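Here's a walk through one protein model, from its empty space to its packed interior and then on to its charged pairs. Keep the viewer open as you read.

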Amino acid sequence: MPDLSTLVSVVNNVAGDETLAEEAKPFLDAIQDPAAEVTAFAPVNSAFEPLANATYNAAEVLMFHAVAEAMEEGEGYDTLAGAAAGQLTVNGGEVEGPCNSAKLVQTIEVCESVLHVVDAVLLPAKFCGSPSPAQASAGPLPPRP
């Protein structure tokens with residue numbers, strides 16, 4: 001999908017960096033395993049615009065966009081980023097996290113997994129209450145394609 005090119009760029013940049021790839025290994029392994037049962041959230045290109053001048057750990061943000069199982073509506077789930085990052089809950093046409101929510105734009109079943117295309121980058125708990133994502137994180141946003 002052309003509207004996911006920024007996300008693909010972020011994934012490729014993380015996979016190409018040895019340190020970030022190690023940190024995001026559960027995410028990278030899950031998206032490449034056709035037998036994995038994962039619920040993943042894929043922000044559209046415009047979702048990254050509010051983060052254009054922010055710095056953050058791209059591996060951590062990617063890990064926060066995947067749950068290692070099929071999600072049931074209304075139930076909170078830890079993401080691959082771990083319990084400290086906060087939970088995600090799907091409610092109707094929206095996914096809610098500890099800091100923000102996103103509208104589900106499209107849902108695609110891929111092998112044993114579900115991919116929800118969303119209109120916002122979901123932010124882990126450490127971003128809550130921070131004046132800006134740049135002040136609560138480390139590492140630059142990979143360049144836009």
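What follows takes the pocket, then the nonpolar cores, then the salt bridges, and ends at a histidine.

Bear in mind that this is a predicted model. Let's start with the empty space. Rolling a probe the size of a water molecule over the atoms shows where empty space is left. Here the largest pocket holds about 460 Å³ of space. To find it in your viewer, pick out Phe-27, Ile-31, Ala-40, Val-110 and Leu-115, which lie nearest its centre among the 24 residues of the lining.

Where does the lining of the largest pocket come from? Helix 1 (5-15), helix 3 (25-32), strand 1 (39-43) and strand 7 (113-118) each put in at least two residues. Helix 1 gives the largest share of that lining, with five residues. As for chemistry, the lining of the largest pocket has 19 nonpolar residues, against four polar and one charged.

Now for the packed interior. In soluble globular proteins, nonpolar side chains tend to be buried together. The largest nonpolar core in this model has 30 residues, and Val-14, Phe-27, Tyr-56, Leu-62 and Val-121 are the ones with the most contacts inside it. Two or more residues of this core come from each of helix 1, helix 3, strand 1 and helix 4 (58-63). Which element gives the largest share of this core? That's helix 4, with five residues. Apart from this core lies another one, made up of 14 residues that include Phe-64, Met-71, Ala-85 and Val-95. Phe-27 is worth a second look, since this residue appears both among those nearest the centre of the largest pocket and among those with the most contacts in the largest core.

On to the charges. Side chains of opposite charge can pair when their charged atoms come close. With a cut-off of 4 Å between a Lys or Arg side-chain nitrogen and an Asp or Glu carboxyl oxygen, the count comes to three salt bridges.

One is local: Lys-25 and Asp-29 meet with 2.8 Å from N to O. Both residues sit in helix 3, four residues apart, or about one turn of the helix. Lys-25 is partly exposed at 39% relative accessibility, and Asp-29 is partly exposed too, at 40%.

Another salt bridge joins Lys-126 to Glu-60, with the closest N and O atoms 3.3 Å apart. Lys-126 lies in the segment after strand 7 and Glu-60 lies in helix 4, so this pair ties together parts that are 66 residues apart in sequence. Are the two partners buried or exposed? Lys-126 is partly exposed, with a relative accessible area of 42%, whereas Glu-60 counts as buried because its relative accessibility is 18% and the cut-off for buried is under 20%.

The remaining salt bridge pairs Glu-94 with Lys-103, with 3.8 Å between the closest N and O atoms. Glu-94 is partly exposed at 24% relative accessible area, and Lys-103 is partly exposed at 49%.

Last stop: His-65. This histidine is placed in the loop between helix 4 and strand 2 (66-67). His-65 counts as buried because its relative accessibility is 4%. What does a polar atom of its side chain lie 2.9 Å from? The partner is the backbone nitrogen of Leu-122.

Technical notes:
Residues are numbered from 1 along each chain as its sequence is written. This is a predicted model: local features need pLDDT of at least 70, side-chain atom pairs count only at pLDDT 80 or more; totals for chains, interfaces and linings use all residues. Side-chain values use heavy atoms; hydrogens and water are left out. On a 1 Å grid over the protein atoms alone, a cavity is a set of points where a 1.4 Å probe fits but cannot get out, and a pocket is an open set with protein on both sides within 12 Å along at least five of seven lines; lining residues have an atom within 4 Å of a point. Grid points are joined across faces, edges and corners, and a volume is the space filled by probe spheres set on the points. Ala, Val, Leu, Ile, Met, Phe, Trp, Tyr, Cys and Pro count as nonpolar, Asp, Glu, Lys and Arg as charged, and the others, Gly among them, as polar. A nonpolar core is a set of buried Ala, Val, Leu, Ile, Met, Phe, Trp, Tyr and Cys residues joined through side-chain atoms within 4.5 Å. Buried means under 20% relative accessible area, exposed over 50%, partly exposed in between (1.4 Å probe, protein chains only). A polar contact is a pair of N or O atoms within 3.5 Å; within protein, one must be able to donate a hydrogen and the other to accept it, and residues adjacent in sequence count only if both atoms are side-chain atoms.
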